Amino acid sequence: MEPRESGPTRHPSYEGVWRFTAAAVDVSVPQARHAVRDLLVRQGVPLHDEIMDGLLLIVSELVTNAVRHAALLSPEIAVEVAIGPEWIRVSVEDNHPYRPKALEADWGQTGGRGLLLVREIALEAGGACDVEHTASGGKIIWAALPLAPAAPGPGAVPQEPVVTSPRTDPSAP
């Protein structure tokens, strides 16, 4: 005999969506990274150490890009953390209309590889990343990662994960 669940399905207590804003200035980069880390610890998210390290690097890269490239048209940025039962999604929103692409950079340059790094970290962890336009003409750059590293079996073919925005209206705060 199989046990039956009674009542609504219980979700882990760490699930939810948190959003904060910051000025598009250099000091916001470490502040955002620390705020995300503190949120995850406070919520008791069972995040594997490798995933945590990659996620915090992604936060740093996305906020740095917003500060360096969008501050003129977006003096404030928003960072959102959405946590599901098996995944975490971080996004950075600004009001600049330019939609960047993770292109292969000239290796002779000292910068320009941030989104390439974000994409590679996300894909290596079994996650995904993308850029979306907002209704106000800005953009949201997001990355979603599993809470635990993917363990591919022998001969497994990597698949692009399906990750959707936890918000029904991407332009809503």
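**Stop 1: the core**

Start by selecting Leu40, Leu47, Val63 and Ile88: of the 37 residues in the largest nonpolar core, these touch the most other members. A nonpolar core here is a set of buried Ala, Val, Leu, Ile, Met, Phe, Trp, Tyr and Cys residues joined through side-chain atoms within 4.5 Å. Buried means under 20% relative accessible area, exposed means over 50%, and partly exposed is in between (1.4 Å probe, protein chains only). The elements giving two or more residues to this core are α1, α2, β2, β3, α3 and β5. The largest share, 10 residues, comes from α2. As background, nonpolar side chains tend to be buried together in soluble globular proteins.

Before you click on, remember that this is a predicted model, where local features need pLDDT of at least 70, side-chain atom pairs count only at pLDDT 80 or more, and totals for chains, interfaces and linings use all residues. Residues are numbered from 1 along each chain as its sequence is written, and side-chain values use heavy atoms, leaving out hydrogens and water.

Now zoom in on Leu40. Which residues does Leu40 touch, not counting residues up to four places away in sequence? They are Val45, Leu47, Met52, Leu55, Val81, Ile83 and Ile88. A contact means heavy atoms within 4.5 Å.

**Stop 2: the whole chain**

Zoom out and switch to cartoon view. You'll find 3 helices and 5 strands, and from the N terminus on they run β-α-α-β-β-α-β-β. The helices (H or I, at least four residues) and strands (E, at least two) are DSSP runs, numbered from the N terminus. Of the 173 residues, 39% count as buried. Among contacts with a separation of 6 or more, 69% come from residues 24 or more positions apart.

**Stop 3: the sheet**

Select the strands. They make an open sheet of 5 strands in the order β1-β2-β3-β5-β4, with antiparallel pairing. Two strands pair if DSSP finds at least two bridges between them. The edge strands are β1 (16–23) and β4, each pairing on one side only. From one strand to the next, the twist averages 15°.

Walk across the sheet, pair by pair:

- β1 and β2 (residues 76–83) run antiparallel, joined by 8 bridges. Look for Val17, whose bridge partner in β2 is Ala82, and for Ala22, which stands opposite Ile77.
- β2 and β3 pair in the antiparallel sense over 6 bridges and form a hairpin with 3 residues between them. Here Ala78 stands opposite Glu93, and Glu80 stands opposite Ser91.
- β3 and β5 are antiparallel too, with 8 bridges. Trp87 has Pro146 in β5 as its bridge partner.

How many of the 8 residues of β3 are buried? The count is 7, so β3 is largely enclosed by the rest of the structure. β2 is mostly covered, with 7 of its 8 residues buried.

**Stop 4: the helices on the sheet**

Keep the sheet on screen and add α2 (49–70). α2 packs on the sheet, touching β2, β3 and β5, and its direction makes about 10° with that of β3. Axes are lines fitted to C-alpha atoms (for helices, over the stretch in contact), and angles run from 0 to 180 degrees between N-to-C directions.

Next, pick out Pro30, which lies in helix α1. Is Pro30 buried or partly exposed? Pro30 is partly exposed, at a relative accessible area of 30%. Add Ser60: the two C-alpha atoms are separated by 7.0 Å, although the residues are 30 apart along the chain.

**Stop 5: helix α3**

Select residues 114–125, the 12 residues of α3. At 1.5 Å a residue the helix should span 16 Å (1.5 Å times one less than its number of residues), and its end C-alpha atoms are 17 Å apart, which agrees. Gly114, Leu115, Leu116, Val118, Ile121, Ala122 and Ala125 are buried. What covers them includes α2, β4 (128–133) and β5 (139–146). Just after the helix, Gly126 takes a positive phi of about 95°.

**Last stop: the confidence colours**

Colour by pLDDT, the predictor's confidence in each residue, from 0 to 100. The chain averages 83, and 73% of the residues score at least 70. Then select residues 156–173: pLDDT stays under 50 there, and the model has 25 contacts beyond four places in sequence for this stretch. Where pLDDT is low, the predicted coordinates should not be read in detail.
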